[in-house]
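Let's take a walk through this model together, one region at a time. Keep the sequence at hand as you turn the structure.

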Amino acid sequence: MAKLDWIREELKELKEKGLYVTIRKLESSQGPWVVVDGKRVLNMCSNNYLGLAAHPKIKEAAIRAILDYGVGAGAVRTIAGTMELHVELEEKLAKFKKREAAILFQSGYNANLGALSALLTKKDNGVFISEELNHASIIDGMRLSGAPKVIYKHLDMEDLKKRLEENKDKEKKIIVSDGVFSMDGDLAPVPEMAELAEQYDAMLYIDDAHGEGVLGDSGRGIVDHFKLHDKVDFEMGTLSKAFGVIGGYVAGPEEAIEYLRQRGRPFLFSSAPNPPDVAAAIAAVEILQKSDELVRKLWDNTHFLQNGLRDLGYDLGNTKHPITPVMLYDEKTAQEFSRRLYDEYNIFAQAIVYPTVPLGTARIRLEPSAAHSKEDLQYVLDAFEDLGKKTGFLK
Ligand code: PMP
């Protein structure tokens with residue numbers, strides 16, 4: 001149809017500019033090794049940090065929930081009612097995060113969308129003060145709100161202070177930031193941010209998508225890592241990364257969470273998470289509450305991989321997290337590494353290039369998990385040594 005011709009043109013242009021994303025098809029469950037198009041490859045690009053996505057206890061919990069509650073939640077909770085599983089998960093998450101309450105959303109994306117657009121609207125005399133490298137879901141949440149935003153430079157507390165000072169007369173100010181930055185693995189300086197929030201009477205909202213299950217006591221996240229539970233107003237999280245399932249949530253003060261139940265648009269206008277997903281997430285929280293064994297394994301694997309790569313001569317930037325950016329700088333080199341790792345070494349590892357990261361900072365982003373063995377990671381190190389030499393990247 002001629003009226004849709006522009007779509008073909010757009011797709012062609014994406015391909016010509018090298019911005020077209022090819023999506024690989026997995027024929028197995030998520031895990032350290034996956035089958036892609038009939039080929040068994042070492043998976044180094046999933047956020048399944050603790051290996052919970054196919055953990056037997058979690059699978060069992062999901063199956064049991066299907067037998068007890070079925071597969072669908074029926075509708076949104078304000079219409080079809082909250083299932084007891086939803087309430088149980090919210091209570092478990094609040095307890096795990098050491099917060100008064102939590103509200104569950106269908107995804108982390110929806111959690112940011114719902115919370116940010118409800119906490120500040122264009123009718124308020126207010127402003128978002130947003131970190132330069134915030135995740136797209138934060139940006140979309142602020143857009144949906146329609147309230148103005150100002151951006152401060154990445155990790156730059158002088159700049160944050162300057163923006164707060166410029167906006168000090170606004171009635172509502174929300175400082176919003178990723179806790180862990182997903183392309184670099186660097187951490188937001190939450191203690192300094194909390195001090196500034198207090199000084200300027202601003203709310204503080206931290207996206208802990210990559211922090212939970214990884215940082216803090218038993219994976220309680222970045223706020224627990226810094227022990228700042230009473231200084232950070234809102235902690236947003238996802239159930240799709242370390243927890244291995246799907247869903248998102250916001251934890252914080254009881255009344256504020258109740259307010260989000262009344263005003264959070266994805267909570268009010270999109271159907272509730274399904275029973276097997278909710279039960280699986282409950283099981284994931286329970287696993288972390290019982291033992292920090294998987295979190296310790298993840299860190300042990302992270303140190304092994306990152307020390308090995310640094311010893312080979314690779315630059316890993318400023319990561320303080322299992323997110324491991326192997327800096328190759330040049331876009332074509334990064335694409336070539338990713339392709340050859342896959343074709344010649346059976347390693348599935350993603351090249352991250354412009355526009356996701358600035359030009360000239362292309363990289364392979366590796367993500368070790370608790371489910372990898374030391375042999376798996378040694379195999380990655382050997383491949384990076386071999387390929388680095390073959391391409392002339394390592395001298
Ligand atoms: N925030 C950050 C920082 C993320 O990396 C992601 C996932 N890419 C999200 C939010 C969205 O989470 P979800 O995948 O659960 O929608």
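Begin at proline 355, which you will find in the loop between strand E12 (350-352) and strand E13 (362-366). Please bear in mind as you look that this is a predicted model. The peptide bond joining tyrosine 354 to proline 355 is cis, with omega at about 10°. Most peptide bonds are trans, so this one deserves a look on screen.

A second backbone detail waits at serine 218. This residue sits in the loop between strand E7 (203-207) and helix H9 (222-225). Its phi is near 55°, a positive value in a residue other than glycine. As a rule, most residues other than glycine have a negative phi.

Now let's step back to a wider view. UniProt, in an unreviewed entry, lists residues 40-384 as "domain: Aminotransferase class I/classII large". Within the model, that span is 45% helix and 17% strand. The C-alpha atoms at the ends of residues 40-384 lie 19 Å apart.

Next comes the ligand. Which pocket does it occupy? The space taken by the ligand is the second largest pocket. Around the ligand there are 14 residues, and the closest are Gly108, Tyr109, Asp207, Thr238 and Lys241. By character, the shell divides into three nonpolar, eight polar and three charged residues. Two elements, helix H5 (108-119) and strand E8 (234-238), each supply at least two residues of this shell.

With the surroundings in place, you can zoom in on individual atoms. Which atoms of the ligand come within reach of aspartate 207, tyrosine 109 and histidine 210? At aspartate 207, an N or O atom of the side chain is 2.6 Å from a nitrogen atom of the ligand. Tyrosine 109 takes part through its backbone: one of its polar backbone atoms is 2.8 Å from an oxygen atom of the ligand. Histidine 210 brings in its side chain, where an N or O atom is 2.9 Å from an oxygen atom of the ligand. As for cover, the ligand taken alone exposes 390 Å², and the protein buries 83% of that.

Notes
Residues are numbered from 1 along each chain as its sequence is written. This is a predicted model: local features need pLDDT of at least 70, side-chain atom pairs count only at pLDDT 80 or more; totals for chains, interfaces and linings use all residues. Side-chain values use heavy atoms; hydrogens and water are left out. A residue is near a molecule or strand if one of its heavy atoms lies within 4 Å of it. A polar contact is a pair of N or O atoms within 3.5 Å; within protein, one must be able to donate a hydrogen and the other to accept it, and residues adjacent in sequence count only if both atoms are side-chain atoms. Accessible areas come from the Shrake-Rupley method with a 1.4 Å probe; for residues, only the protein chains shown count as cover. On a 1 Å grid over the protein atoms alone, a cavity is a set of points where a 1.4 Å probe fits but cannot get out, and a pocket is an open set with protein on both sides within 12 Å along at least five of seven lines; lining residues have an atom within 4 Å of a point. A molecule sits in a cavity or pocket if more than half of its atoms lie within 2 Å of its grid points. Helices (H or I, at least four residues) and strands (E, at least two) are DSSP runs, numbered from the N terminus. Ala, Val, Leu, Ile, Met, Phe, Trp, Tyr, Cys and Pro count as nonpolar, Asp, Glu, Lys and Arg as charged, and the others, Gly among them, as polar. UniProt positions are given in the numbering used here, feature names are shortened, and annotations may be inferred rather than shown by experiment.
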